[in-house]
Structure formats: C-alpha cells, structure tokens
Amino acid sequence: MNNNIIDDSMRGKCLLSISDLSLQEIEKIFEVAKHLKSMSIPEQVDNPLLAGKTLAMIFEKPSLRTRVTFETGMTQLGGHAINIQSNDIQLGKRESVPDIARNLSRWVQGVMARVFSHNTVVELANYGSVPVINALSDVEHPCQALADFFTLIEHKQNLRSIKLAYVGDGNNVCHSLMLLAGKVGTNMTIGCPKEYEPDPVILETSRKYASEMGSSINVVNDPYEAVIEADAIYTDVWASMGQEDEKSERTPIFQPYQVNNKLVNAASDDVIILHCLPAKRGEEITDEVIDSPYSVVLDEAENRLHVQKAVMALIM
C-alpha cells in the first residue's frame with residue numbers, strides 16, 4: 001500500500017458535523033476511501049494503518065450498518081473496536097458525559113457515538129482528548145452523507161454537474177446532505193411538507209457554502225417539482241428513531257412524498273435512487289423502486305465501510 005496517501009493533516013480532528021470539514025478534507029477522505037476500496041483485505045492487513053489502536057463505540061440507538069462497518073473497518077485496518085451499549089454506561093445518568101469522555105481518553109484512541117442528542121457528541125469532544133466521530137445524532141449524520149456522496153462520485157463522476165433531490169422529512173440525514181452538497185458544489189432540492197422543512201439555520205449555512213461554490217440549495221413543498229431534472233433521488237423514513245409515536249400523524253402528511261415509479265419517471269432518464277436504510281418498504285419507498293436496477297442503496301451501505309475507514313485512518 002502507498003502509505004503516502006495518509007498524512008497527518010487531519011490527525012486528532014473530530015467529525016461532529018459536515019461543517020467541521022473543509023473541501024480539501026472532504027476530497028482527501030474520498031481519495032483515501034477510493035484507495036482503500038481498491039485494496040484486497042490481505043493487502044490492508046499487511047499494512048495495518050491503525051495497528052494497536054482502539055475505537056470505543058457508544059450506542060444509544062440500535063444499529064446494523066454503523067456497528068458492522070465501524071467494527072469491521074477497525075479490524076481490517078489492524079485496530080480493535082469495543083462495543084458499548086447504552087445500558088453499559090448510561091450516558092449522563094450513572095456517570096456524566098464529561099467524566100465518560102475523560103476516562104475513555106485515557107484508554108482508547110478514538111470514540112464513535114450514535115446518540116439521541118447532538119449535545120452528547122459535542123460534550124464527548126469538548127471534554128475528551130481523542131477524536132470523536134458522530135455516527136448519528138438528532139441534528140446530523142455526517143458519515144452517512146460522506147458515504148452517499150462517495151457513491152454519487154462512483155455513479156455520476158462530477159459532483160458539480162448534477163442535481164440531487166431529497167424527498168421526505170427534513171431530518172438529520174437531510175441536514176448533512178445539504179451541508180455536504182453546499183461544500184462540494186452539488187445542486188440540491190429538498191421536497192418536503194412545509195411543517196417538516198429542514199432546520200433554517202442549517203439551511204442558511206448550506207446555502208452559504210453553495211453560494212461560494214456557485215451551486216444552489218432549494219426547498220420546495222411539491223415532490224414532483226423537487227425531482228425535475230434530478231440525477232439522483234434520495235429518501236429516508238418518515239419517522240426516525242425516537243419519533244415512533246408520531247408515525248400515525250406523519251403518515252398521511254408524507255404519503256404524497258412516496259418515492260414510487262410515478263415520481264421517479266418525473267426525474268432524469270438516468271436517475272439513481274439512494275436511501276440510507278433501514279427502509280420502510282411500501283411507505284417512503286416502494287419495492288419496485290428500491291429493488292430496481294437504478295437503485296444504489298447497497299452501494300451506499302458498502303461505502304459506509306470504506307468512507308469510515310478513511311475517516312478513522314486520517315484522524316486516529
């Protein structure tokens with residue numbers, strides 16, 4: 001392996017938000033992810049970038065992709081991951097978040113946290129002395145967005161010449177996608193119900209980034225308007241974890257935003273479909289769309305592994 005591809009410019013950096021990354025750092029993550037993806041597992045094992053290093057993985061929310069990709073990634077890079085469930089440490093209850101951060105910093109070289117409140121990852125970063133990775137909070141999901149845009153590069157090559165349409169709830173995933181679209185110069189339109197639009201402060205920040213790159217971030221309330229000339233359509237569940245009690249209220253509001261064949265046909269002929277998973281089939285997306293040849297959801301899921309390995313190799 002050409003270890004020269006890994007430098008120390010991001011060493012010790014936390015990833016709590018897409019806003020933490022410069023365009024150059026985003027491009028570096030994609031470069032390293034592409035390089036690691038091209039390598040065989042034996043090649044990576046023979047050149048262990050994280051040998052002797054340990055990642056603490058804190059889970060307040062259940063996970064398939066996050067748990068498997070981070071733990072597998074650490075193993076493939078020669079390191080070790082420790083799975084810490086919510087009941088094991090009872091964040092902020094049995095022990096304060098600052099004390100947990102200070103203790104973990106004495107033992108491990110990185111902390112990954114999948115939490116309810118974004119303030120938890122902020123506290124872990126503020127009071128600890130090792131890199132902290134936000135693996136999902138109520139505000140953002142930066143690792144998912146990085147994997148999504150890495151997937152867009154693989155299928156569409158030039159991020160600055162495409163339009164991404166996001167249809168559904170203006171949630172944490174939407175926030176990270178908007179910020180990243182702004183950073184890299186991708187045109188993006190969000191189609192969502194008026195009462196479920198993305199956070200206005202994050203939208204303003206995303207538009208500021210986009211303006212600097214000569215692109216645009218738009219919000220509309222008509223899903224068909226959102227997908228006109230879209231090269232990629234992205235959707236997510238209508239009620240995220242922690243919002244299950246809102247499902248009956250949300251379902252009729254979001255029903256017109258279902259990504260089905262009719263909606264897809266209103267986009268570009270070579271449109272691709274993205275979803276961060278898990279999907280509620282028959283709700284936000286239909287079987288015929290998510291299982292279609294133009295669906296790249298499994299590519300996204302695989303790319304969580306490669307992108308997160310790149311992030312860990314660069315910051316830990």
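Which residues on the other side of α5 are exposed? They are R106 and W107. Keep in mind that this is a predicted model.

## Helix α5 and its two sides

Helix α5 covers residues 97-107, and its buried residues are V97, P98, I100, A101, L104 and S105. Looking down the axis of α5, these buried residues stay within an arc of 160 degrees, so they line one face of the helix. That fits a general pattern: an α-helix has 3.6 residues a turn, so residues three or four places apart point the same way.

What do the buried residues of α5 pack against? Their partners are three strands, β1 (54-59), β2 (80-85) and β3 (110-114), along with helices α4 (86-89) and α6 (118-127). Where α5 starts, S96 has a side-chain oxygen within 3.2 Å of the backbone nitrogen of D99.

## Aromatic pairs

Now for the rings. The count of aromatic pairs is five. Take W238 and F254: the ring centres are 6.1 Å apart and the planes sit at 15 degrees, so this pair is stacked. W238 is in the loop between β8 (232-235) and α11 (247-254), while F254 belongs to helix α11, so the pair ties together parts that are 16 residues apart in sequence.

Are these two rings' residues buried or exposed? W238 counts as buried because its relative accessibility is 3%, under the 20% cut-off. F254 is buried too, with a relative accessible area of 0%. W238 and F254 also form one aromatic cluster with Y196 and Y257.

## A lysine over a ring

Elsewhere, K183 lies over the face of Y209, at 4.3 Å from the ring centre.

Note on methods: Residues numbered from 1 in each chain as written. Predicted model: local features only at pLDDT ≥ 70, side-chain atom pairs only at ≥ 80, totals over all residues. Heavy atoms only, no water. Buried < 20%, exposed > 50% of the residue type's maximum accessible area, 1.4 Å probe, protein only. Helix = DSSP H or I, 4+ residues; strand = E, 2+ residues; numbered from the N terminus. Arc of directions from axis to C-beta. Contact = heavy atoms within 4.5 Å. Polar contact = N/O pair within 3.5 Å; in protein donor to acceptor, adjacent residues only side chain to side chain. Phe/Tyr/Trp six-rings, centres within 6.5 Å; stacked < 30°, edge-to-face > 60°. Lys NZ or Arg CZ within 6 Å of the ring centre and 35° of its normal.
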